2 protein chains.
Amino acid sequence: MKNRLEEIRKQRGLRQEELAEALLVSRQTVGSLENGRYNPSILLAFKIARYFGMCIEDIFIYEEEN
Amino acid sequence: MKNRLEEIRKQRGLRQEELAEALLVSRQTVGSLENGRYNPSILLAFKIARYFGMCIEDIFIYEEEN
DNA sequence: AAAAAATGTAAAGCATACTTGACATTTATA
DNA sequence: TATAAATGTCAAGTATGCTTTACATTTTTT
């Protein structure tokens with residue numbers, strides 16, 4: 001799965017740490033998502049989508065993996 | 001998080017086991033999601049949404065948890 | 001009512017999401 | 001150029017998603 005997290009975060013002029021605070025997760029979690037080290041839980045995906053006022057599908061791009 | 005999985009599965013006339021096969025997960029996983037024992041990973045949520053031709057937000061209902 | 005099919009659910013194990021802490025590297029500012 | 005700010009990344013630990021096995025309960029069919 002790919003995502004547009006870094007792109008969207010930068011559009012809004014946020015640092016990783018600020019986004020992490022807003023989402024109540026660690027800075028490393030945000031960095032790990034941006035760099036594709038792992039995927040978010042569905043709860044975190046919802047939090048992110050809601051925070052940015054977008055829907056999950058517009059931020060996270062599913063592409064027939066496995 | 002709530003979900004409309006059981007409702008949608010029954011609308012389509014599927015058994016838990018059939019849905020599980022289509023999603024490549026176990027029958028217990030489908031049952032556990034329907035009964036709220038745990039939430040799907042975001043990959044499974046995408047698979048489910050894509051299988052039903054719906055978007056994640058129409059199947060899984062996020063409600064400010066934690 | 002009896003048998004079969006579908007669903008509920010628990011335990012133990014493995015995989016992955018997320019944490020904190022620490023330190024290295026890159027980017028921006030003085 | 002030197003310093004600070006932001007980001008990258010690793011390791012070890014905890015929590016949760018998902019598996020298989022197994023058995024109980026409910027629902028459907030005969």
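Student: Which residues of helix α2 (residues 16-23) of chain B are buried?
Tutor: This is a predicted model, and every value here is computed from it. Buried means under 20% relative accessible area. In helix α2 of chain B, the residues that count as buried are L19(B), A20(B) and L23(B).

Student: Are those residues on the same side of α2(B) or on opposite sides, and what arc do they cover?
Tutor: The buried residues in question are L19(B), A20(B) and L23(B). They lie on the same side of α2(B), because around the axis they cover an arc of only 100 degrees.

Student: What covers the buried residues of α2(B)?
Tutor: Contact here means heavy atoms within 4.5 Å. The cover over the buried residues of α2(B) includes three helices of chain B, namely α1 (5-11), α3 and α4 (42-52).

Student: Which residue follows α2(B), and what is its phi?
Tutor: The helix α2 of chain B spans residues 16-23. After α2(B) comes L24(B), and its phi is positive, near 60 degrees.

Student: Why is α3(A) described as largely enclosed by the rest of the structure?
Tutor: The buried residues of α3(A) are T29(A), V30(A), G31(A), S32(A), L33(A) and E34(A). They pack against β1 (2-3), α1 (5-11), α2 (16-23) and α4 (42-52) of chain A. The helix α3(A) is largely enclosed because its buried residues number six of the eight.

Student: Which residue just after α3(A) takes a positive phi?
Tutor: The place to look is just past the end of α3(A). The phi there is about 70 degrees, and the residue is G36(A).

Student: Is R9(A) buried or exposed, and with what relative accessible area?
Tutor: R9(A) belongs to helix α1 of chain A. Buried means under 20% relative accessible area. R9(A) is therefore buried, its relative accessible area being 7%.

Student: With which side chain does the side chain of R9(A) make a polar contact?
Tutor: Beyond its neighbours within four places in sequence, R9(A) is in contact with several residues, among them L14(A), L19(A), E34(A) and F52(A). A polar contact requires a pair of N or O atoms within 3.5 Å. At 2.6 Å, the side chain of R9(A) makes a polar contact with the side chain of E34(A).

Student: What rotation superposes chain A on chain B, and how are the two copies related?
Tutor: Two copies of a chain are related by a rotation about an axis and a shift along it. Here the rotation is 180 degrees, the shift along the axis is 0.0 Å and the RMSD is 0.0 Å. The copies are thus related as by a two-fold rotation axis.

Student: Which residue of chain A has the C-alpha nearest the axis?
Tutor: The axis is that of the rotation of 180 degrees that superposes chain A on chain B. In chain A, the C-alpha nearest to this axis is 2.4 Å from it and belongs to I42(A).

Student: Why can it be said that the copies meet through the same surface?
Tutor: The comparison is between the interface residues of chain A and those of chain B. The copies meet through the same surface because the share of chain A interface residues that are also interface residues in chain B is 100%.

Student: Which helix gives the most to the surface near DNA strand D?
Tutor: DNA strand D is surrounded by 18 residues, the closest including Q16(A), Q28(B) and Y38(B). At least two residues of this surface come from α3 (27-34) of chain A, and at least two from α3 (27-34) of chain B. With three residues, the helix that gives the most is α3(B).

Student: Which side chain lies 2.6 Å from a base oxygen of DNA strand D?
Tutor: Sugar and phosphate make up 67% of the atoms of DNA strand D that come within 4 Å of the protein. A phosphate oxygen of this strand is 2.9 Å from a polar side-chain atom of R37(A), and another such pair, at 2.6 Å, involves S41(B). The base oxygen is 2.6 Å from an N or O atom in the side chain of Q28(B).

Student: How far is a phosphate oxygen of DNA strand C from an N or O atom in the side chain of Q16(B)?
Tutor: Q16(B) is among the residues that come nearest to DNA strand C. Polar side-chain atoms of R9(B) and N35(B) also lie by phosphate oxygens of this strand, at 3.1 Å and 3.3 Å respectively. For Q16(B), the distance is 2.6 Å.

Notes: Residues are numbered from 1 along each chain as its sequence is written. Chains are lettered from A and ligands numbered from 1 in the order in which they are written. This is a predicted model: local features need pLDDT of at least 70, side-chain atom pairs count only at pLDDT 80 or more; totals for chains, interfaces and linings use all residues. Side-chain values use heavy atoms; hydrogens and water are left out. A residue is near a molecule or strand if one of its heavy atoms lies within 4 Å of it. A polar contact is a pair of N or O atoms within 3.5 Å; within protein, one must be able to donate a hydrogen and the other to accept it, and residues adjacent in sequence count only if both atoms are side-chain atoms. Helices (H or I, at least four residues) and strands (E, at least two) are DSSP runs, numbered from the N terminus. Copies are superposed by least squares on the C-alpha atoms of residues with pLDDT of at least 70 in both. Buried means under 20% relative accessible area, exposed over 50%, partly exposed in between (1.4 Å probe, protein chains only). The arc is that of the directions from the helix axis to the C-beta atoms.
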